[in-house]
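Reader: I have a new model open on my screen and would like some help reading it. Could you walk me through a few spots?

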Amino acid sequence: GIFIPVIVLFCSIAYVYAAQDTDTQTSNVTLNVPESARLSITAANASKTLNQGGDTEAAFDAGYVDFATATPTLTVSANKKWKLYARSSNFAGPYAKSVADLMIKDAGASHVTNGFNDFKSLSLDDQEVASHTGPIKKENHLIQYRIILDWEKDVAGTYTATVTYTLTTQA
């Protein structure tokens with residue numbers, strides 16, 4: 001036989017790996033949050049009718065009539081130091097009833113100030129009712145109204161006053 005030498009040529013195949021190319025960039029995310037405060041009111045309008053006879057006589061003898069607690073309820077949220085103020089208009093009615101005859105009490109929060117955790121007369125000017133040195137979320141202020149009565153002054157009729165509540169953030 002004929003022997004044919006087979007020459008096997010081994011070729012080495014080399015893979016060349018390129019160095020990895022990496023670029024890095026950054027992005028800044030900035031959010032500017034302004035001072036913010038929210039005051040909401042539920043059961044805003046308080047009304048009471050005294051019944052002729054017992055209720056009316058008892059209220060006049062006591063010197064006042066109380067309205068239901070939490071009528072209204074104020075809910076305070078603020079992202080920094082805040083103050084809650086209240087003021088009243090004069091009464092409209094058959095007698096020029098003093099604005100000081102309208103009193104409020106804040107029975108629902110730990111940040112009540114200036115004695116408003118008990119009944120205190122309102123005035124035509126803002127009075128600080130509550131405040132806090134930091135932010136707060138959904139703090140309820142359960143307001144109760146009281147109107148001072150006087151047998152000799154408060155003639156029969158309907159008396160109406162408007163109370164304005166203001167929430168402000170503080171420096």
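Author: Happy to; we will look at a loop residue, a strand and a helix in this predicted model.

Reader: Is P135 buried or exposed?

Author: P135 sits in the loop between β7 (127–132) and β8 (136–148). Its relative accessible area is 56%. Exposed means over 50%, so P135 counts as exposed.

Reader: Which residues is P135 in contact with, leaving aside its neighbours within four places in sequence?

Author: A good place to begin is K80, 55 residues apart from P135 along the chain. The C-alpha atoms of P135 and K80 are separated by 4.2 Å. With those sequence neighbours set aside, the contacts of P135 are A78, N79 and K80.

Reader: Thanks! Which residue stands opposite E128 in β7?

Author: β7 is mostly covered, with five of its six residues buried. It pairs with strand β4 (residues 82–88) in the antiparallel sense, over five bridges. Opposite E128 in β7 stands Y85.

Reader: Now the helix: why are T56, A59 and F60 on the same side of α1?

Author: Helix α1 covers residues 54–62, and T56, A59 and F60 are buried in it. An α-helix has 3.6 residues a turn, so residues three or four places apart point the same way. The buried residues of α1 are on the same side because the arc they cover around the axis is only 95°.

Reader: And which residues are exposed on the other side of α1?

Author: What covers the buried residues of α1 includes β2 (64–66). On the other side of the helix, the exposed residues are G54 and D61.

How values were computed: Residues numbered from 1 in each chain as written. Predicted model: local features only at pLDDT ≥ 70, side-chain atom pairs only at ≥ 80, totals over all residues. Heavy atoms only, no water. Helix = DSSP H or I, 4+ residues; strand = E, 2+ residues; numbered from the N terminus. Buried < 20%, exposed > 50% of the residue type's maximum accessible area, 1.4 Å probe, protein only. Contact = heavy atoms within 4.5 Å. Pairing = 2+ DSSP bridges. Arc of directions from axis to C-beta.
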